[in-house]
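Subject: Structure handover

Hello,

Here is the structure you asked to take over. My notes on it follow below the entry.

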Amino acid sequence: TFQSTFGLECLIDEAAQRLAIDPIDLRLRNVMTEAEPLHTGVTLAVRIYAEDVLKAAQECRLWRERQKTKAARTTDKTLFGVGFALGVKTFGKNEDACLASLTLDSNGRLGLMTNGVDMGNGSATTLPLSLADILGRPADEVQIGVTTAFDPLQIVGPTANNEAEQAKLSANPHWVPFISMSTAASSSAYQMRHAVREAGKALLELGLWPAAVELLDLKGLQAVVGPQRIKLNDQGSIHEDGRSVSFTEVARKAHERGLITGVMVHAFYRTRWARAAFPIDAVAYRAEIDALAVRHGAGSFQAIARQSVDFPPWRTTLADANRMTSYTVVLAVEIQKDTGEVRVVDAETFLDCGPPTLRPIVEGQMEGAFAMGIGQTLIESFPLKEGGPGQGTWNLHLYRVPLARDCALGRAQFNILPPHPGDEPRGMSEVVFNPVPAAIINAVADATGKRFRHLPLKSSDLKAALS
């Protein structure tokens, strides 16, 4: 996606120049504003609001004042230019098989396990936090990269090769289209979070709520007062009339009565989530999961054979991922005419990622990706030669990477747009890197009138082009 973004965003900028159209206006004229089909044939699951990040970039200080600033900062020795690029990136793989389990001990401590791996994307922090609005608190501990601990689900393959095979295999109440997936950096904010939250909802409804009903003497109101009407947190389980009971007491009661104190789920996404019903105490528990195991009291997990299931049609196997995140980058460069050295000196960026689970992690990803994009474009070189880095002897004494002075530190501003009502968190790891190199090359073109189509852009390339 980085390579295609670089090529596409540089070409769109060049087309806007030839057409004498503002580069952001050209994109706004062609932006998708609804959940429409893509060129791959898949229809977007939700709107991506790319127009929001485009308009935010168009209205920012650096873009509005670019001509004035360029005139003021261009000298006999220095060239100045402002560039723009848009990034739109899918998250997840469209074969997302997510596993999660929650266990509650008699002291009220919550343990979370997931098959996801933290790749520096903060999932070990955000996944426990994603339970806070359901259970009133995050998980107390988390285990990531878990594999065989999910064996109690008893899920089995094989992969179906057509619609008929999927229908036949679905008759097995433990069959799933895809058992587990390799971790993608962008899959934790939505896909892995979904499995964790489904486990949280099941634990609340099947275990904590029945215990709270007994402790708060709500049996007469149980039919009309659902689990969402109470708040489970460290201070207590609160009902409208002011009665409360501690989370620890709820956990202790659940263990004493042999209620459900552990939930293990498998969730499968392929253009949409699989949905299934499971018999729990003669009642069908319905959720966006396709496998479920539960633990009563201090016992062991036991798989629940599902009653029915609604898998996404097999043909969606051929579709691409259908959820996307959008990001815009406006940045300024200064170029020394005599040496060809390029320096990024200012930037404003705008991300629409839905409601962030933990804002500092998102901001850290944006800042790190910005530095990474500068390195990819202007600094980092991997020469294919005898004695080069491919032979394993290079380190940072030979391979230069961006430093604070290269990244407009103190000038660059990273903005997260307010979420729209009903938005869910979106994966954003790669999208905040992809448009940075194109924005730099477009800024160089604005400063010099020269187009470059390769990376990294070396100072010797620019010096030769300017001479």
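R257 counts as partly exposed because its relative accessibility is 47%, and partly exposed covers the range between under 20% for buried and over 50% for exposed. This value, like the others below, is computed from a predicted model. R257 sits in a loop, with helix 10 (247-256) on one side and strand 7 (260-269) on the other. Along the chain, R257 and G207 are 50 residues apart, yet 10.0 Å separates their C-alpha atoms.

The protein as a whole

The protein has 467 residues, and 51% of them are buried. Its secondary structure consists of 13 helices and 15 strands. Taken along the principal axes, the box filled by the C-alpha atoms is roughly 85 × 55 × 50 Å. Of the contacts in the protein with a separation of 6 or more, 73% are between residues 24 or more positions apart.

Helix 1 and T5

T5 belongs to helix 1, which spans residues 2-19. Is T5 buried or exposed? T5 has a relative accessibility of 8%, and buried means under 20%, so T5 counts as buried. A polar atom of the T5 side chain lies 2.8 Å from the backbone oxygen of T1. Once neighbours within four places in sequence are left aside, the contacts of T5 are L86, N434, P435 and A438.

Two of those residues, P435 and A438, also appear on the helix 12 side of the contact between helix 1 and helix 12. Helix 12 covers residues 435-448, and its axis comes within 8 Å of the axis of helix 1, with a crossing angle of roughly 30°. Angles under 35 degrees count as roughly parallel, so helix 1 is roughly parallel to helix 12. The crossing of these two helices is right-handed. On the helix 1 side the contact is made by F2, T5, F6, E9, C10 and D13. Helix 12 contributes P435, P437, A438, I441 and N442.

Helix 1 also meets helix 2 (residues 23-30), where the axes come within 8 Å and cross at roughly 105°. An angle from 65 to 115 degrees counts as roughly perpendicular, and helix 1 and helix 2 are therefore described that way. Helix 1 makes this contact through E9, I12, D13, A15 and A16, while helix 2 uses P23, L26 and R27. E9 and D13 of helix 1 thus take part in the contact with helix 12 and in the contact with helix 2.

A three-stranded sheet

One open sheet has three strands in the order 9-8-12, paired antiparallel. Strand 9 (283-287) and strand 12 (308-310) are the edge strands, each pairing on one side only. On average, and with direction ignored, neighbouring strands of this sheet are turned by 20° against each other. Strand 8 (residues 275-280) pairs with strand 9 in the antiparallel sense over five bridges. Which residue of strand 9 is the bridge partner of F278? The partner is Y285.

Helix 9 (residues 188-215) packs on this sheet and touches strand 8 and strand 9. The direction of helix 9 makes about 155° with that of strand 9.

Regards

Conventions:
Residues numbered from 1 in each chain as written. Predicted model: local features only at pLDDT ≥ 70, side-chain atom pairs only at ≥ 80, totals over all residues. Heavy atoms only, no water. Pairing = 2+ DSSP bridges. Helix = DSSP H or I, 4+ residues; strand = E, 2+ residues; numbered from the N terminus. Axes fitted to C-alpha atoms, helices over the stretch in contact; angles between N-to-C directions. Contact = heavy atoms within 4.5 Å. Buried < 20%, exposed > 50% of the residue type's maximum accessible area, 1.4 Å probe, protein only. Polar contact = N/O pair within 3.5 Å; in protein donor to acceptor, adjacent residues only side chain to side chain. Parallel < 35°, antiparallel > 145°, perpendicular 65-115°, else oblique. Left-handed = near helix turned anticlockwise from the far one by under 90°.
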